[in-house]
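Here are my notes on the pockets, cavities and ligand sites of this model. Please read them with the structure open.

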Amino acid sequence: MSGRKRVVSGIRPTGDLHLGNYFGAIKNFVELQDKHECYFFVADLHALTTHPNPDNLAQNVKHTLVVYLASGVDPDKATLYVQSDVPEIPELYVYLNMIAYKGELERCPTFKEKIRQHPDNVNAGLLTYPVLMSADILIHRAHYVPVGKDQLPHLELTRTYARRFNNLYGVSVFPEPEPYHFLGEPIKVPGLDGTPKMSKTGSSEKGVIFLTDPPEVVQRKIMRAVTDSGPQQPNMPISEPIQNLLTLLRLVGGEEEADFFVEQYKKATIRYVDLKKTLAQKTIEFLKPIQERIKEYENNPQLLKQVVEKGIEKARESAQQTMELVRDAIGIRKLY
Ligand code: ADP
Ligand code: TRP
């Protein structure tokens, strides 16, 4: 990535944030804010597909903002806001819906998965979820989108809509945004319960390490993580549950320790209890400073208010510039 680019990403306020959100998305935000024009937001409109309780929704919006700040997102460097505070986003969503085809939305793997999970709530907002996400991204004419691997199908649709809009109207309003991850390509942080993706909405609680989990809870969840009966002989390929624990260990800063356990695995002398103890200790150390800052920001609603007010203003300024180009391209022009 060379030169100063525009970067956009958001997280749905659907519950407490976890290590998957941190390493899939937030850690990138902190890295990118030093070099690029960054817009990070709380995707509250996206959370409405599952009809959250209003008080929970409001609480989760606040929590997500607090976690952004506690993780090191700096409101002097990046623009931080809540999606529903920027009315230009739903306006762009309307226009993009006109170039989004039903068939391609129905084929989206995340839509198919949601139908499977909630067959009784297949609403139109769920079908057009990727269109709203595209509006979030295209509203700032973003070049890069730091997200976890699960979001790649949505980003592919965003690229399609950017291209389709430009072609239909013979303009070059939108760049085609690309995914970004500090490790080279987007990752999927595994759950501790054997699920392939740690998730606040998909996995069971015991498979997820929340950023706010106290040390004893982290310890308990990791000590109970799924393993197997261990390598039966030297040089066996590392099994998936153990690979998952090693991935987590590397992410929380235990590179050397992970290398050591790989060696032990190869020799078939690994003791899973030692691997788990090390992972628990490293995770607790990693979370400590974040948790301290979460407490500080939670107790400072005045600061949160200031951050968001400044963010809304900057986000709307950028959004309005895009919308002028979009409306003009479409032919929605002022007569009076
Ligand atoms: P969840 O899947 O827990 O409901 P979201 O869908 O709100 O979380 O995800 C917010 C961001 O965090 C997205 O960029 C998503 O790709 C990323 N993310 C969530 N879970 C993981 C994970 N297990 N591994 C990598 N990235 C993840
Ligand atoms: N769909 C994303 C998720 O479930 C959240 C999201 C909404 C998003 N709008 C976005 C991510 C724009 C990146 C850019 O995690």
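## Notes on pockets, ligands and cavities

1. **Status and starting point.** This is a predicted model. Start with the largest cavity. Its lining is made of Gly191, Leu192, Gly194, Ala225, Val226, Pro241, Asn244 and Leu245. By class, that lining holds five nonpolar residues, three polar ones and no charged ones. The enclosed space is about 40 Å³.

2. **The second largest cavity.** Two cavities of 30 Å³ or more are counted. The second largest has about 30 Å³ of space. Around it stand Thr49, Thr50, Lys114, His118, Asn121, Asn123 and Leu126. Here the lining has five polar residues, one nonpolar and one charged.

3. **The largest pocket.** Its volume is about 1,200 Å³. The lining counts 48 residues, and Arg12, Asp150, Gln151, Lys197 and Ser199 are the closest to the pocket centre. By class, the lining divides into 19 nonpolar, 20 polar and nine charged residues.

4. **What builds that pocket.** Which elements each supply at least two residues of its lining? They are S1, H1, helix H6 (109–117), H8 and helix H9 (152–169). H6 gives the most, with six residues. Keep this pocket in view for the next points. Ligand 1 takes up space in the largest pocket, and the space taken by ligand 2 is also the largest pocket.

5. **Ligand 1: its surroundings.** There are 19 residues around ligand 1. Asp150, Val189, Lys197, Met198 and Lys200 come nearest. Asp150 and Lys197 are also among the residues closest to the centre of the largest pocket. Helix H1 (residues 19–32) gives the most to the shell, with four residues. By class, the shell has eight polar, six nonpolar and five charged residues.

6. **Ligand 1: polar contacts and burial.** Three contacts are worth checking on screen. A nitrogen atom of the ligand is 3.3 Å from a polar backbone atom of Gly20. An oxygen atom of ligand 1 lies 3.1 Å from a polar side-chain atom of Asn21. Ser199 has a side-chain N or O atom 3.4 Å from an oxygen atom of ligand 1. How much of ligand 1 does the protein bury? Alone, ligand 1 exposes 530 Å², and the protein buries 97% of that.

7. **Ligand 2: polar contacts and burial.** Look at three side chains here. A side-chain N or O atom of Asp136 is 2.6 Å from a nitrogen atom of ligand 2. Gln151 places a side-chain N or O atom 2.9 Å from a nitrogen atom of ligand 2. For Arg12, the distance from a side-chain N or O atom to an oxygen atom of ligand 2 is 3.2 Å. Taken alone, ligand 2 exposes 360 Å², of which the protein buries 91%.

8. **Ligand 2: its shell.** 13 residues surround ligand 2. The closest are Arg12, Tyr129, Met133, Asp136 and Gln151. Which elements give two or more residues to this shell? They are strand S1 (6–11) and helix H8 (129–138). H8 provides the largest share, four residues. The shell divides into seven nonpolar, four polar and two charged residues. Arg12 and Gln151 also appear among the residues closest to the centre of the largest pocket.

9. **The second largest pocket.** About 200 Å³ of space lies in it. It is lined by 14 residues, and Glu37, Tyr39, Thr79, Lys314 and Ser318 lie nearest its centre. Strand S2 (37–42) and helix H14 (301–330) are the elements that give two or more residues to this lining. H14 gives the most, with four. By class, the lining has seven charged, four polar and three nonpolar residues.

10. **For the file.** Keep two short lists beside the model. For ligand 1, note Gly20, Asn21 and Ser199. For ligand 2, note Arg12, Asp136 and Gln151.

Methods:
Residues are numbered from 1 along each chain as its sequence is written. Chains are lettered from A and ligands numbered from 1 in the order in which they are written. This is a predicted model: local features need pLDDT of at least 70, side-chain atom pairs count only at pLDDT 80 or more; totals for chains, interfaces and linings use all residues. Side-chain values use heavy atoms; hydrogens and water are left out. On a 1 Å grid over the protein atoms alone, a cavity is a set of points where a 1.4 Å probe fits but cannot get out, and a pocket is an open set with protein on both sides within 12 Å along at least five of seven lines; lining residues have an atom within 4 Å of a point. Grid points are joined across faces, edges and corners, and a volume is the space filled by probe spheres set on the points. Ala, Val, Leu, Ile, Met, Phe, Trp, Tyr, Cys and Pro count as nonpolar, Asp, Glu, Lys and Arg as charged, and the others, Gly among them, as polar. A residue is near a molecule or strand if one of its heavy atoms lies within 4 Å of it. A polar contact is a pair of N or O atoms within 3.5 Å; within protein, one must be able to donate a hydrogen and the other to accept it, and residues adjacent in sequence count only if both atoms are side-chain atoms. Accessible areas come from the Shrake-Rupley method with a 1.4 Å probe; for residues, only the protein chains shown count as cover. A molecule sits in a cavity or pocket if more than half of its atoms lie within 2 Å of its grid points.
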